[in-house]
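Biologist: Before we discuss anything, could you put the model on the screen, so that we can go through it one question at a time?

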Amino acid sequence: MNESIAKLKNALASADCILIGAGAGLSTAAGYDYTGARFLKYFSDFHARFGIEDIYTGGFYPFPTRESFWAWWSRSIYINRYAPLPGDVYADLLHLVAGRDYFVLTTNVDHAFQRTGFDKARLYTQGDFGLFQSSRPHGASAEKTYDNEESVRAMLAAQGFTFAADGTLLLPTDGVPAMEIPTELIPYCPDDGAEMTTNLRVDASFVEDAGWDAAAERYTDFLAHTEGRRTLLLELGVGMNTPGIIKYPFWRMTAERTDVTLASVSLGTAFVPDEIAAQSIVIDADIAEVLRLMV
C-alpha cells in the first residue's frame with residue numbers, strides 16, 4: 001500500500017485540477033457507521049420491535065403509522081446531518097486540497113463537506129438530509145426545498161431526546177424514547193399541502209432547487225476548465241449503488257483523456273477496468289488510514 005500512496009501523493013502534487021468523487025464509503029470511514037453500536041444506540045427499540053438491522057435498510061421499512069415513520073426518520077436525519085462529525089477524515093481531506101483548484105461531486109447527503117469547511121461554491125451534491133421537499137412537488141413546490149432542522153428537533157424532543165451543547169443527540173434519561181411523534185408534528189408542505197419527504201435522489205420526484213441548479217452549472221464549468229490540464233480524479237468510497245453519477249463518468253473521462261489520472265480509494269470496492277489501469281491508482285484500504293498517511 002505504501003507504494004500506491006506514494007503514487008497518489010505524486011499525482012496530487014502534480015495535478016493542476018482535482019475532482020473529488022465521494023461516495024458513502026467516505027462517510028463510513030469518517031465514523032458515520034450505519035450498523036453496529038451506533039445503530040443500536042439510537043435505534044435499539046426499532047430493532048427490537050420491527051427487526052430492523054441497520055440505518056440504511058430501516059429507511060425502506062413499511063412503518064405502520066406516519067408517526068412511527070417520522071420518529072425513525074427524525075433520528076436518522078439528525079445523527080447523520082446535524083450531530084457532530086465523529087472523525088477527522090473530512091478535515092484531513094480538506095487539508096490535502098486546501099488552496100488547490102478542486103471540486104467535489106458527492107452522492108452523500110450528510111453535508112459533511114460543507115460542515116468541515118469545504119468551499120460551498122466547489123460542491124455539487126445529490127440531495128441533503130437537512131432539506132425537506134414536497135412528496136408530490138408541483139406548482140409552487142415544484143422547485144423548492146425547505147430547511148428541516150427546527151422540525152426534526154421538535155420531533156426528537158417529543159420522543160424524549162435532548163441535545164448536548166455540541167449538538168450530540170442524547171437519549172432520554174430513562175433510556176426509553178417514544179417510537180412515535182405527535183400527529184401534529186408530521187411535516188406538510190406549506191406550498192401544496194402534501195406531506196413532506198427527504199430531499200434525496202431516490203426517484204423522479206427529487207427536487208432540483210435553485211441551489212442545486214447553480215451547483216450543477218458550476219460543476220459543468222469546472223469540467224470544461226480541466227480540459228488540457230493535468231487532472232486527478234480522486235474517487236473515495238464509491239460503490240455500485242449509483243455508478244452513473246461518479247464511477248462511470250470518471251472511467252469515461254480517464255479513457256478519453258491522456259492528461260487524467262484516476263485514483264480509486266475504498267475498502268473492498270476499489271477497482272477500475274483493465275482498459276484504464278495504466279492511468280489509475282487503486283488502493284483497497286481504509287480511507288481514513290490512507291488520508292492520515294497522506295497528511
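Biologist: By class, how many nonpolar, polar and charged residues does the lining of the largest cavity have?

Modeller: This is a predicted model, where local features need pLDDT of at least 70, side-chain atom pairs count only at pLDDT 80 or more, and totals for chains, interfaces and linings use all residues. Residues are numbered from 1 along each chain as its sequence is written, and side-chain values use heavy atoms, with hydrogens and water left out. A cavity is a set of points, on a 1 Å grid over the protein atoms alone, where a 1.4 Å probe fits but cannot get out, and lining residues have an atom within 4 Å of a point. If Ala, Val, Leu, Ile, Met, Phe, Trp, Tyr, Cys and Pro count as nonpolar, Asp, Glu, Lys and Arg as charged, and the others, Gly among them, as polar, the lining of the largest cavity has 4 nonpolar, 6 polar and 1 charged residues.

Biologist: Which element gives the most residues to the lining of the largest cavity?

Modeller: The lining consists of T106, N108, V109, D110, H111, A112, F113, Q114, L123, T125 and G127. Two elements, taken as DSSP runs numbered from the N terminus (helices H or I of at least four residues, strands E of at least two), give two or more residues each, namely β3 (123-125) and α7 (112-116). With 3 residues, the element that gives the most is α7.

Biologist: What is unusual to look at in the backbone of H111, and what value does its phi have?

Modeller: H111 lies in the loop between β2 (102-106) and α7. Its relative accessible area is 23%, so H111 is partly exposed (buried being under 20%, exposed over 50%, and partly exposed in between, with a 1.4 Å probe and protein chains only). H111 is a residue other than glycine, yet its phi is positive, near 65°.

Biologist: Which element gives the most to the lining of the largest pocket?

Modeller: A pocket is an open set of grid points with protein on both sides within 12 Å along at least five of seven lines. The largest pocket has 48 lining residues, with Y34, Y56, T107, V109 and N241 nearest its centre, and their classes are 21 nonpolar, 22 polar and 5 charged. At least two residues of this lining come from each of α2 (24-29), α4 (55-58), α5 (66-81), β4 (127-134) and β8 (196-200). The element that gives the most, with 6 residues, is α5.

Biologist: Where does the largest share of the lining of the second largest pocket come from?

Modeller: Among the 18 residues that line the second largest pocket, H111, K120, T125, G211 and W212 are the closest to its centre. The lining divides into 7 nonpolar, 7 polar and 4 charged residues. Each of β3, β4 and α9 (210-226) supplies at least two of the lining residues, and the largest share, 4 residues, comes from α9.

Biologist: Which helix supplies the largest share of the largest nonpolar core?

Modeller: A nonpolar core is a set of buried Ala, Val, Leu, Ile, Met, Phe, Trp, Tyr and Cys residues joined through side-chain atoms within 4.5 Å. The largest one has 36 residues, of which L8, I20, L26, L93, F113 and F118 touch the most other members. The largest share of this core, 6 residues, is supplied by the helix at residues 89-97, α6.

Biologist: Why is α6 described as largely enclosed by the rest of the structure?

Modeller: Its buried residues are V89, Y90, D92, L93, L94, L96 and V97, and after the helix comes G99, with a positive phi near 80°. The helix is largely enclosed because, of its 9 residues, the number buried is 7.

Biologist: How far apart in sequence are the parts that D128 and R81 tie together?

Modeller: The two side chains meet in a salt bridge, N to O 2.9 Å, the term meaning a side-chain nitrogen of Lys or Arg within 4 Å of a carboxyl oxygen of Asp or Glu. Both partners are buried, D128 at 8% relative accessibility and R81 with a relative accessible area of 10%. Since D128 belongs to strand β4 and R81 to helix α5, the separation of the parts they tie together is 47 residues.

Biologist: How many salt bridges does the structure hold?

Modeller: Another of them joins D101 and R122, whose closest N and O atoms are 3.4 Å apart. D101 sits in the loop between α6 and β2, and R122 in the loop between α7 and β3. The number of salt bridges in the structure is 12.
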